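This report describes the fold of one protein chain, beginning with its surface and ending with the pairing of its strands.

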Amino acid sequence: MAMAKNLIFDFGAVLIPIEEQRTHDAFKALGAKDSLSEQTELFKKYEIGELNTDAFLKALQPHFFRNTIFKPDLAEAWSAICYAPLPAETLEFLQQLKKKGYKLFLLSNTNALHIEKIKERSGLFDYKRFTKFFEQVYYSHELGMRKPDKAIYQKILDDHQLQAEECFFTDDKKKNVKAAAKLGMHTFHFQPEEHNLEVLRRQIDKLA
């Protein structure tokens with residue numbers, strides 16, 4: 001099998017810390033109804049750009065006990081998951097990989113509010129520096145599709161004329177890793193409670 005020359009990274013939990021519990025707690029503090037936890041399809045629609053931010057926040061409002069819950073409060077609670085700036089070690093990690101000649105790609109299931117919050121936390125300078133390490137950044141809400149759909153992986157391959165067996169993909173969601181593996185990519189299931197960037201570096205080095 002060919003070695004990996006192209007590295008495809010998930011964003012949240014791999015390259016930047018996230019904590020879903022912060023959003024759960026923030027919604028609870030605003031008086032969320034039990035029905036909010038059942039809105040998986042609503043969240044997916046926002047994640048693939050079927051809803052813009054204003055429509056998404058409006059759709060959230062009925063799932064809270066307060067009659068006058070404000071959209072900015074909902075937006076802040078939704079983005080509480082993005083609590084940290086881009087770590088300096090992430091920028092250094094990507095820089096070293098670029099120096100070694102790898103082509104880097106970012107593939108994230110995300111949404112406009114989360115990216116806006118990451119920019120705010122990190123500052124535009126570091127965010128732009130971060131994105132420049134990648135040949136291209138792929139965000140689900142801009143593409144109209146999300147992992148683990150086969151089409152989103154295939155788009156990267158087709159856009160850049162890549163061979164799957166020459167690609168390495170890492171993600172914190174097992175189903176996303178399995179989908180990439182089915183296409184023939186080298187994969188690694190990154191588990192933030194057990195792994196760090198040094199572990200990830202060693203996995204990549206094995207394919208050099």
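How much area does the protein expose, and what share of it do carbon and sulfur atoms supply? In this predicted model, the exposed area is about 10700 Å², of which carbon and sulfur atoms supply 48%. Of the 208 residues, 47% count as buried.

The protein contains 11 helices and five strands. Its radius of gyration is 18 Å, close to the 17 Å that the globule rule gives for 208 residues, so the protein is as compact as a globular protein of that length. The C-alpha trace spans about 60 × 30 × 30 Å along its principal axes. Among contacts between residues at least 6 apart in sequence, 73% join residues at least 24 apart.

Charged side chains number 31 positive and 30 negative, and the centres of the two sets lie 2 Å apart.

Strand β1 (residues 6-9) pairs with two other strands, as set out below.

| Partner of β1 | Sense | Bridges | Residue opposite L7 |
|---|---|---|---|
| β2 (residues 103-108) | parallel | four | L104 |
| β4 (residues 167-171) | parallel | four | F168 |

L7 thus has a bridge partner in β4, F168, and stands opposite L104 in β2.

Which way do the side chains of β1 point? N6 and I8 point one way from the strand, whereas L7 and F9 point the other way. In a regular strand the side chains alternate between the two faces of the sheet. Residues N6, L7, I8 and F9 are all buried, which means that each has under 20% relative accessible area.

Methods:
Residues are numbered from 1 along each chain as its sequence is written. This is a predicted model: local features need pLDDT of at least 70, side-chain atom pairs count only at pLDDT 80 or more; totals for chains, interfaces and linings use all residues. Side-chain values use heavy atoms; hydrogens and water are left out. The radius of gyration is taken over C-alpha atoms; the globule rule is 2.2 Å times the number of residues to the power 0.38. Buried means under 20% relative accessible area, exposed over 50%, partly exposed in between (1.4 Å probe, protein chains only). Contact means heavy atoms within 4.5 Å. Accessible areas come from the Shrake-Rupley method with a 1.4 Å probe; for residues, only the protein chains shown count as cover. Lys and Arg count as positive and Asp and Glu as negative; His and the chain ends are not counted. The place of a charge is taken as NZ of Lys, CZ of Arg, CG of Asp or CD of Glu. Two strands pair if DSSP finds at least two bridges between them.
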